[in-house]
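Visitor: I would like a close look at a single part of this structure, with the cut-offs behind each term stated as you go. Please set that part in the context of the whole chain.

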Amino acid sequence: DRFGNSVKMYETGNEKIKCVVEVQQSPTFISWCCAFDKKLKVLSPPSTIEKIKEHLRTTLEMYE
């Protein structure tokens, strides 16, 4: 429901689903992705993956 009715979803096996959506890369989106822990994995684009990694590194530094 967050991405509208035209989301493309594909079963990939092992009870996993791949979905293709267009989103605006924002701090809110990055945090939203991280909230799913290991239940969600962003596959592309590389710039979004790097933003997620940086968000996680910054958060981890708070606890070191």
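Guide: What follows begins with the chain as a whole and then turns to helix 2 and some residues outside it.

This is a predicted model, in which local features need pLDDT of at least 70 and side-chain atom pairs count only at pLDDT 80 or more, while totals for chains, interfaces and linings use all residues. Residues are numbered from 1 along each chain as its sequence is written, and side-chain values use heavy atoms, with hydrogens and water left out.

The secondary structure comes to two helices and two strands, where helices (H or I, at least four residues) and strands (E, at least two) are DSSP runs numbered from the N terminus. Along the sequence these elements follow the pattern β-β-α-α, and the C-alpha atoms fill a box of roughly 40 × 25 × 20 Å along the principal axes. Of the 64 residues, 9% are buried; buried means under 20% relative accessible area, exposed means over 50%, and partly exposed lies in between, with a 1.4 Å probe and protein chains only. Among contacts (heavy atoms within 4.5 Å) between residues at least 6 apart in sequence, 15% join residues at least 24 apart.

Helix 2 spans residues 46–61 and includes T48, a residue that counts as buried at 6% relative accessibility. Leaving aside residues up to four places away in sequence, T48 touches Q25, F29, I30 and V42.

The helix also holds charged pairs that can be described by a distance rule: a salt bridge is a side-chain nitrogen of Lys or Arg within 4 Å of a carboxyl oxygen of Asp or Glu. By this rule the count comes to two salt bridges. In one of them K53 pairs with E50, the closest N and O atoms being 3.5 Å apart, and because K53 and E50 are three residues apart in helix 2, they are separated by about one helical turn. K53 is partly exposed at 39% relative accessibility, and E50 is partly exposed as well, with a relative accessible area of 42%. R57 forms a salt bridge with E54, where the closest N and O atoms are 3.4 Å apart; R57 and E54 are three residues apart in helix 2, so about one helical turn separates them. The relative accessible area is 41% for R57, which is partly exposed, and 42% for E54, which is also partly exposed.

Outside helix 2, W32 lies in helix 1, residues 27–35, and is partly exposed at 23% relative accessibility. W32 and S47 are 15 residues apart in sequence and 16 Å apart in space, C-alpha to C-alpha. Not counting residues up to four places away in sequence, W32 touches R2, F3 and L40.

F3, one of those contacts of W32, is placed in the segment before strand 1 (8–13) and is partly exposed, with a relative accessible area of 33%. Together F3, V21 and V23 make a nonpolar surface patch of about 200 Å². Patches are made of residues with over 30% relative accessible area and no salt bridge, like charges being joined within 9 Å and nonpolar side chains (Val, Leu, Ile, Met, Phe, Trp, Tyr) within 5 Å; accessible areas come from the Shrake-Rupley method with a 1.4 Å probe, and for residues only the protein chains shown count as cover.
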